[in-house]
Amino acid sequence: MAGRQTGRHRRPAEEQATYREVFAVGEFRALWLAQALSFVGDQLAQVALAVLVYHRTSSALLTAVTYALTYLPPIVGGPVLSGLADLFPRRTVMIVCDVLRACLVALMALVAMPFAGLCLLVFATVLLGTPFTAARAAVLPDVLEGDRYVAGSAINNMTHQGAQMLGFLAGGAVVAVVGAYEALAIDALTFGMSAVILVGGLRPRAAPKRRERESLGLWRGTRDGARLVFGDPVLRSLVSFAWLCAFYVVPEGLAAPYAATFDDSAVTVGVLMSAMPTGMVLGAFLFSRFVRPTNRLRLMGWMSMAACLPLVGAGVHPPLWGVVVLWAMAGMGSAYQLAANAAFVAAVPPAGRGQAFGLAQSGILAGQGIGILVGGAATQVLGPETVVALAGVMGLSVAAMLSLSWNQVRAGVITTMNDRAGPVEVPASRDDDLPGIRRSAPAP
């Protein structure tokens, strides 16, 4: 902006990025829009596949198997295929994955195939999401630097949780109006649109690693990624915080049997399923906008315990409104993942981001799948209220232990992040939210 005098000095480590500032970055807008389209398409496809399989087979078991396939591929192939995000240009990886997924989903929409063939296509489609997600997560720190990354992660998190809150209802309405096959066609279109947006909105970057012959051994890359994460006490602590979600995800998987303890209404199921995502959206907004960057790291252990503690209250059999409040409070506590994610990015070498993020993401999905599976089995014996309370107790115990280990390395992480603050052009007056003012900061 003409006429403004600027001074050059060291960027304060406590300076917080604004959402408007983040959306001013054109590459982030492209990544966010592509991600939002994928979320919408995923919700449509999930509802459409459930309706399609149940109508064709009349089997709740086969319908559940189809739903389970959305967890299995990243667990099986995630740590391996995520290495592609380090061997090839990440923009290319995302575009190719989008195009292939568009073709696979279009095939499901156009061809009536047997159940086994449908499962195979679902498996392949979800599997291709693993290198896409790893590449997107790895390129985001190159697009958003410093606290902009935290704000961008908060926006992505709120978008995802918002899609969860509204997606099932909207997806069901779309499927009811246009039909299951037509909804799958819309899903294929969203993948194609995502690829086009990335082509036009994300600039090419070179592959972070040289593709030497031995580097093409993806299993070796997986092993190197595991050594990178678990061989470093900071990364090991941070990824353990990420995997804590295995405990506080249990209520979402038990929403239907929990609702049956009240009135067994579909509306009640929806209310329970939306409680935790609603809390996550609110917590992510408050945590990213009103807590200073270094304070997020100091509060991370306490908030991880706050993500599990409210679930213990299920053991006293509260009324429906009480359950909703407790689950929403747990969702708010889970906002600590924003701080863990930012610290993880700062600590991982850029060339290993794809493998490290892929390993972390696969562990998250594995934990969620196993947690829901174990919780469902235990509910048959103990009932949903007791199982949710036990999940809260176990999660709280693990979170307390993780907090103790985090306290031993936290000061070093804060010091490192403060030292990485670099020169920045800032206006003489405090106009942080004005459009057109761009601050530069060093890459983490």
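A residue is called buried when its relative accessible area is under 20%, and in this predicted model buried residues make up 51% of the 444 residues in the protein.

**View 1. The protein as a whole, before the close-ups.** The secondary structure of this predicted model comes to 21 helices and two strands. Of the contacts in the protein with a separation of 6 or more, 86% are accounted for by residues that stand 24 or more positions apart.

**View 2. The largest nonpolar core, with W327 and F344 as its residues of interest.** This core has 88 residues, and W327 and F344 are the members that touch the most other members. Helix 21, which runs over residues 384-419, gives the most to this core, with 10 residues. Apart from it lies another core, made of 21 residues, among them A48, M113, V122 and L184. As general background, nonpolar side chains in soluble globular proteins tend to be buried together.

**View 3. The surroundings of W327 and the helix numbered 18.** When residues up to four places away in sequence are not counted, W327 touches P251, Y258, L272, A275, M276, L311 and V388. W327 is also one of the buried residues of helix 18, a group that further holds G322, V323, A328, A330, G331 and G333. Helix 18 covers residues 320-333, and because its 14 residues at 1.5 Å a residue should span 20 Å, the 20 Å between its end C-alpha atoms agrees with the expected span.

**View 4. Helix 19, the stretch of residues 336-347.** Nine of the 12 residues of helix 19 are buried, so this helix is largely enclosed by the rest of the structure. The buried residues are Y336, L338, A339, A340, A342, A343, F344, V345 and A346, and F344 is also one of the two residues that touch the most other members of the largest nonpolar core. The 12 residues of helix 19 should span 16 Å at 1.5 Å a residue, and its end C-alpha atoms are 17 Å apart, which agrees.

**View 5. G395, a residue of helix 21.** G395 counts as buried because its relative accessibility is 0%, where the cut-off for buried is under 20%. Leaving aside residues up to four places away in sequence, G395 touches L244, F247 and C308. G395 and A306 are 89 residues apart in sequence, while in space they are 9.9 Å apart from C-alpha to C-alpha.

**View 6. The second largest pocket, with a volume of about 240 Å³.** Of the 13 residues that line this pocket, those closest to its centre are V250, G371, V374, G375 and M394. The elements that give two or more residues to the lining are helix 12 (245-248), helix 20 (353-382) and helix 21. Helix 20 provides the largest share of the lining, six residues. Sorted by class, the lining of the second largest pocket has 10 nonpolar and three polar residues, and no charged residues.

**View 7. A36 in helix 2, which runs over residues 26-57.** A36 is buried, with a relative accessible area of 15%, a value that falls on the buried side because the cut-off is under 20%. A36 and N156 are 120 residues apart in sequence, yet their C-alpha atoms are 8.4 Å apart in space.

Notes
Residues are numbered from 1 along each chain as its sequence is written. This is a predicted model: local features need pLDDT of at least 70, side-chain atom pairs count only at pLDDT 80 or more; totals for chains, interfaces and linings use all residues. Side-chain values use heavy atoms; hydrogens and water are left out. A nonpolar core is a set of buried Ala, Val, Leu, Ile, Met, Phe, Trp, Tyr and Cys residues joined through side-chain atoms within 4.5 Å. Buried means under 20% relative accessible area, exposed over 50%, partly exposed in between (1.4 Å probe, protein chains only). Helices (H or I, at least four residues) and strands (E, at least two) are DSSP runs, numbered from the N terminus. Contact means heavy atoms within 4.5 Å. On a 1 Å grid over the protein atoms alone, a cavity is a set of points where a 1.4 Å probe fits but cannot get out, and a pocket is an open set with protein on both sides within 12 Å along at least five of seven lines; lining residues have an atom within 4 Å of a point. Grid points are joined across faces, edges and corners, and a volume is the space filled by probe spheres set on the points. Ala, Val, Leu, Ile, Met, Phe, Trp, Tyr, Cys and Pro count as nonpolar, Asp, Glu, Lys and Arg as charged, and the others, Gly among them, as polar. The expected span of a helix is 1.5 Å times one less than its number of residues.
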